[in-house]
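Colleague: Please take a close look at a single part of this model for me. Pick one place where charged side chains meet, and then fit it into the rest.

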Amino acid sequence: MARSATRRRPASAPVAEGINPKAPCPCGSGRRYKHCHGSGYAPPVTRPFEGLPGEPDWVALRELVPAATAPLRTTGGRDVTLASVLPGGAPALVRSNGEILLGVQLQAASDDVSRDIGTALAAALEAPAGAPVDPGPVGAAGSSGPRLQELLDLSAPLEVTVHEDFGFWLEGTDAGAAARAGLERANEAVLPTERLEGLGAAYWVRPGSERAHLRWVRPEAEEPLLDALARLSASEQLLLGEGTRYAGAFRAHGLVVPVWDLPADTPAAEWTGPAAEFGARLEQALTVTDPLTADERRARAGLLSRQVTLR
């Protein structure tokens, strides 16, 4: 789904006495003040889902998983169903029975995706049952509502269910012929996807008959994770077994998503064991704090060359 990203500009740039415009911004972003909070633009939120239970799964549903849902609960006790995507890319729906469906894959995005989705959720909470949800400007136009972290019960874990198709769009509804036809068209684009149990946000996907992939959204900060992956690569411990290949990684919403090529004819569940073994090796590598060796630095450079940032 194509997305655009813009920065919202306030009416006037913030003024702070005693701050050198060329000095580092006090917010800790690492940029000069004049290019950050002193620029008149809202700085981007690099990890919009940070602080939410299941942050890696939020990233996965936003960028990688075609059809999935998860139950949410608001601070006011309202039940909500989070969906990877809704019909037509709608940000939210309220069914005639009052059930709220909240989409995480939006057609446009600002520099704070959490506020984009939170704006849609706030509008859905106020919308009458069965009525269209109108959140106002969302994404590129500048979302003005609260963030998800302000609206959701943060004590509830995120429990993801991956679906074979988008049948959940019409569950419990009396859908007409046009809606059913639209559902069939959407289902044709769904790639077989499974979540590996017990491994966090590790998703197996088969895009074709020749290869499958494992995409594993990791919760660690980027720099320590890359060092650990480099150590494993240099010691030839980066693969998941015979016939596998480390393909590279995505960078999405502040997290890194390592990707492996897998044989297409091996069922997804059979990769749970090899992936768990790799996870144990990675955890051990993350505990090492020694400077990288020359071989490990070369391996790290190779890993960086195979990273793609999702926007």
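Modeller: Start with the word buried: it means under 20% relative accessible area, while exposed means over 50% and partly exposed lies in between (1.4 Å probe, protein chains only). This is a predicted model, so local features need pLDDT of at least 70 and side-chain atom pairs count only at pLDDT 80 or more, while totals for chains, interfaces and linings use all residues. Numbering runs from 1 along each chain as its sequence is written, and side-chain values use heavy atoms, with hydrogens and water left out.

The part I choose is Asp-261 and its surroundings. Asp-261 is buried, at a relative accessible area of 8%. Its side chain makes a salt bridge with Arg-245, and the closest N and O atoms are 2.6 Å apart. This pair links distant parts of the chain: Asp-261 sits in strand β10 (residues 255-263) and Arg-245 in strand β9 (residues 245-252), 16 residues apart. A salt bridge here is a side-chain nitrogen of Lys or Arg within 4 Å of a carboxyl oxygen of Asp or Glu. Strands (E, at least two residues) and helices (H or I, at least four) are DSSP runs, numbered from the N terminus. The partner is less hidden: Arg-245 counts as partly exposed, because its relative accessibility is 43%.

How do the two strands fit together? β9 and β10 run antiparallel and are joined by seven bridges. Pairing requires at least two DSSP bridges between two strands. Gly-248 faces Val-259 across that pairing, with Val-259 in β10. The two strands form a hairpin, with two residues between them. In the turn, His-253 has a positive phi of about 55 degrees.

β9 has another partner. Three bridges join β9 to strand β11 (residues 307-309), and here the strands run parallel. Ala-249 stands opposite Gln-307 in β11.

Gln-307 leads to Glu-222. Leaving out residues up to four places away in sequence, Glu-222 touches Arg-251, Val-256 and Gln-307. Contact means heavy atoms within 4.5 Å. Glu-222 belongs to helix α5 (residues 222-234). Glu-222 counts as buried because its relative accessible area is 19%. The side chains of Glu-222 and Arg-251 are joined by a polar contact of 2.7 Å. A polar contact is a pair of N or O atoms within 3.5 Å; within protein, one must be able to donate a hydrogen and the other to accept it, and residues adjacent in sequence count only if both atoms are side-chain atoms.

Another charged pair comes shortly before α5 in the numbering. The side chains of Arg-218 and Glu-220 form a salt bridge, 2.7 Å from N to O. Both partners are buried: Arg-218 has a relative accessible area of 6%, and Glu-220 has 14%.

Now set that beside a pair within one helix. Arg-298 and Asp-295 meet in a salt bridge of 2.2 Å, N to O. Both residues lie in helix α7 (residues 294-305), three residues apart, about one turn of the helix. Arg-298 counts as exposed because its relative accessibility is 55%. Asp-295 is partly exposed, at 48%. There is also a shared arrangement: salt bridges with common partners join Arg-47, Glu-50 and Glu-55 into one network. Across the structure there are 16 salt bridges.

Glu-55 takes us to helix α1 (residues 55-63). Nine of its nine residues are buried, so α1 is largely enclosed by the rest of the structure. Charged residues are among the buried ones, including Glu-55, Asp-57, Arg-62 and Glu-63. Trp-58, Val-59 and Leu-61 are also among them.

Elsewhere, five strands make an open sheet in the order β3-β4-β2-β1-β5, with mixed pairing. The edge strands, β3 (92-94) and β5 (161-162), each pair on one side only. Three bridges hold β3 and strand β4 (residues 100-103) in the antiparallel sense. Ala-92 stands opposite Leu-102 in β4.

Last, the whole chain. There are seven helices and 11 strands. Of the 311 residues, 44% count as buried. Among contacts between residues at least 6 apart in sequence, 63% join residues at least 24 apart.
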